[in-house]
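This report describes one protein chain for a reader who is beginning to study structures. Please keep the sequence and the model in view while reading.

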Amino acid sequence: MTLAELIQQYRLAAHDAIEPYFVGDDDLTQLFNEAVDEAAIRGRLIHESASPAVCQIAVKAGQTTYKLHPSLYEIDHLSFRREGQPRRTPLALTSTEELDAGMRDWRDEVDDPAFAIQGDKQLRLAPTPLHDGQVLIEGYRLPMSPMEGNDDEPEINAAHHRHLYHWVMHRVFSIPDAETFDPSRAGQALAAFTGYFGDRPDADLRRITREDQAHTVKGYWV
C-alpha cells in the first residue's frame with residue numbers, strides 16, 4: 001500500500017474521511033512512519049546483511065569505540081577482519097561486567113578484537129585493536145528513510161501494510177483533550193496491533209539477550 005492508501009484506510013476506519021479532518025495528512029504521515037518503526041521492532045521485520053553503511057565499520061588500530069548505524073537496533077552476527085586478510089573471525093557480544101569477571105586486564109590488552117560491547121549508539125571492541133581492519137555486522141534495523149510522498153510505501157512486506165493503521169488509531173485516540181480522545185478505542189487498536197506484530201521488547205530485555213550470547217565464550221578466558 002502507498003502512503004496515500006494507508007491514510008485513506010485510516011480515515012475510513014476512524015470515521016475521519018470528510019473535511020475538515022480531525023487529523024491532517026502531515027500528522028498521519030508522521031504516525032504511519034512511527035507505526036512502521038514500531039512494527040519493525042516488534043516483528044523483527046527488516047534484517048540487514050548487505051548494506052555497507054549498516055554492515056561495515058572501518059577499524060583503526062588503537063581505537064576501541066565506533067558508532068553504529070542509527071537504524072540498527074539488534075545485532076545477530078558480528079566479526080572482525082584484519083586489513084589484508086581474507087577471513088573474518090567472530091566477535092562475541094558481551095558486557096563490561098562479563099569481561100571484568102573473566103579478563104580483568106582487558107582494557108589494557110592490545111590485539112585483534114575478540115569481544116564487543118553493544119551500547120545504544122556505539123560498539124566498543126576488546127582487546128584494543130592492534131591492526132586496522134573492518135567490523136562486519138548483520139542484524140535487525142529500522143527503515144532507512146521515512147515515507148514522505150503519496151506514492152511512497154513502507155519498507156516492510158506488503159502483507160503487513162493493512163495492519164499498520166491500528167497503531168495510528170491507538171495514537172490518535174490516546175491524545176488527551178483532543179476531539180478524538182477515546183481510551184476504549186485506543187486500547188482496542190493497540191490490542192489489534194499487538195496481536196499481529198507482537199509485544200514490544202524493552203531496552204532491558206534486548207540488553208539481557210545480547211549479554212546472554214556472550215556466556216558461550218567463557219572458555220576463551222580460561
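## Histidine 77 and its surroundings

The side chains of H77 and R88 are joined by a polar contact of 3.1 Å; a polar contact is a pair of N or O atoms within 3.5 Å, where, within protein, one must be able to donate a hydrogen and the other to accept it, and residues adjacent in sequence count only if both atoms are side-chain atoms. A polar contact of 3.3 Å also links the side chains of H77 and S79. The model is predicted, so that local features need pLDDT of at least 70 and side-chain atom pairs count only at pLDDT 80 or more, while totals for chains, interfaces and linings use all residues. Residues are numbered from 1 along each chain as its sequence is written, and side-chain values use heavy atoms, with hydrogens and water left out.

H77 belongs to strand β4, residues 72–82. Helices (H or I, at least four residues) and strands (E, at least two) are DSSP runs, numbered from the N terminus. Leaving aside neighbours within four places in sequence, H77 is in contact (heavy atoms within 4.5 Å) with R88, L136, I137 and E138. H77 and C55 lie 22 residues apart in sequence and 9.8 Å apart in space, C-alpha to C-alpha.

Is H77 buried, exposed or partly exposed? With a relative accessible area of 26%, H77 is partly exposed. Here buried means under 20% relative accessible area, exposed over 50%, and partly exposed in between (1.4 Å probe, protein chains only).

## The chain as a whole

The protein chain contains 7 helices and 11 strands. The C-alpha trace spans about 65 × 35 × 30 Å along its principal axes. The radius of gyration of the chain is 22 Å, whereas a compact globule of 222 residues would have one near 17 Å. This radius is taken over C-alpha atoms, and the globule rule is 2.2 Å times the number of residues to the power 0.38. Of the 222 residues, 42% are buried. Among contacts with a separation of 6 or more, 67% are between residues 24 or more positions apart.

## Helices α1 and α2

How do the axes of α1 and α2 cross? The axes of helix α1 (residues 3–14) and α2 come within 10 Å and cross at roughly 105 degrees. Axes are lines fitted to C-alpha atoms, for helices over the stretch in contact, and angles run from 0 to 180 degrees between N-to-C directions. The two helices α1 and α2 are therefore roughly perpendicular to each other; angles under 35 degrees count as roughly parallel, over 145 as roughly antiparallel, 65 to 115 as roughly perpendicular and the rest as oblique. From α1, the residues L3, L6, I7, Y10 and R11 make the contact, and from α2 the residues D25, L28, T29 and F32.

R42 is located in helix α2, residues 25–43. R42 counts as buried, at 14% relative accessibility. The side chain of R42 makes polar contacts of 2.9 Å with the side chain of E38 and of 2.9 Å with the side chain of T194. Not counting residues up to four places away in sequence, R42 touches several residues, including W167, L190, F193 and F197.

## Helix α5

Helix α5 is mostly covered, with 7 of its 8 residues buried. These buried residues are Y165, H166, W167, V168, M169, H170 and V172. Their cover includes α1, α2 and α6. H166 is found in α5, which runs over residues 165–172, and has a relative accessible area of 15%. Beyond neighbours within four places in sequence, H166 is in contact with A189, A192 and F193.

## Backbone features in the loops

Two peptide bonds are cis and two residues other than glycine have positive phi values; the table lists these features.

| Feature | Angle | Location |
|---|---|---|
| cis bond, E19 to P20 | omega near -5 degrees | P20: loop between α1 and α2 |
| cis bond, A126 to P127 | omega near -10 degrees | P127: loop between β9 (122–126) and β10 (128–129) |
| positive phi, R44 | phi near 50 degrees | loop between α2 and β1 (47–48) |
| positive phi, D177 | phi near 65 degrees | loop between α5 and α6 (183–197) |

R44 is partly exposed, with a relative accessible area of 41%. D177 is exposed, with a relative accessible area of 81%.
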